[in-house]
Amino acid sequence: MLAYLTKSIVGAVAVVLVMSFIVFCLQSIIPADPARAIAGPNAPTEIVEAKREQLGLDDPVVVQYGRFLFRLVHADLGTSVRTRRPVADDIKQYLPATLELGLASIALGVVLAGVMAALQFLIPGSGGIRLAMVGVGSMPIFLSALLLPYFFWFRLHWLPGAGRLAYRDFAGPTGLNVIDGLLVGRPEVSVDALLHMILPALALALPIGVAVGRSLNGALHDVMSQAYIRTARGKGLSEAKVLMRHGLRNAATAPLSMLSLQVRLLFGNLLVVERVFGWPGLGLYAVQAFASADLPAVLGVAIIFGILYILVNTLLEIAQSMADPRINL
């Protein structure tokens, strides 16, 4: 395990370096000018050129990247062009919202996958369920993110359609509103945070649930035809107990691999969902940074998303090895 974790950390550092260099090099080919964005659209050319020299934008890309790495070692991601604040401070502000939404959507997606797979397996002739899964899975994320608030907020008035919390003055110790409401003794805050989270989390969870559910269903059909399953049935165990005790763990390898892929796609979907729902997380922050040619902010978000994906992928690989002892880390 120690050797695997060491290898994962070294690989994570290499991946982050390569990813940061690719994103950093994009500034040399995009038409946006950070110096102009800072100085203002009506600033004289002399002021813009002075700002470019101050920022070091006239230096070669390799020199700028070396300077960026030096700052990165010291946890300095530069200053945002749009907010005029350190990018690290902005990330600290917006990261908890993204973590809360991302974890909720993964958990909800896993639950949906289990329910969908169980329904297909336990209900004979479940072609309608399979057809519904294909339809939901083929829906673009922006369409589901628009349809959910349209029906559940605008038409039915059941759930909030935007924002993260109705209590504007609330500030918890962790930034995770569901947990903070319980920690400070205000359960109404936790309930309100959950209600605001349902629709964006569901929009993110639907692709996860469909993809992982189909993978789990296929794996279950293979596992449940094995000899040890017939032995368990011969002992008088109900079909539900056979499925829970013997089927799910042995069929977990393929769904966990699919979940790893879906988590990678989740970071891209966050940009769309947080923008549609006005969720104040890193996805919305990145979209606003794109619109403002805020390259330090874009690079900072890319690095954080890369680190989060590597961390989640490592945890899923460990879970695969625990589910199937034949998999050697």
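Domain bounds here come from an automatic or database domain assignment. With that in hand, I looked up the split: domain 1 covers 1-74 and domain 2 covers 95-323. I note that this is a predicted model, where local features need pLDDT of at least 70, side-chain atom pairs count only at pLDDT 80 or more, and totals for chains, interfaces and linings use all residues. Residues are numbered from 1 along each chain as its sequence is written, and side-chain values use heavy atoms, with hydrogens and water left out.

**Entry: how the domains meet**

I took the centres over C-alpha atoms and found 32 Å between domain 1 and domain 2. Next I looked up contacts (heavy atoms within 4.5 Å): 18 residues of domain 1 touch 13 residues of domain 2.

For buried area I used the accessible area (1.4 Å probe) that two parts lose on being put together, summed over both. Domain 1 and domain 2 bury about 1,200 Å² between them, and carbon and sulfur atoms give 87% of that. On the domain 1 side, Tyr4, Met19 and Val23 lose the most area, together 34% of what that side buries.

**Entry: polar links**

I searched the interface for salt bridges (a side-chain nitrogen of Lys or Arg within 4 Å of a carboxyl oxygen of Asp or Glu), and the rule finds zero.

**Entry: what domain 1 brings**

Helices are DSSP runs (H or I, at least four residues), numbered from the N terminus. Helix H1 (2-25), helix H2 (34-39) and helix H4 (61-73) each give two or more residues to the side of domain 1 that touches domain 2. H1 gives the largest share, 10 residues.
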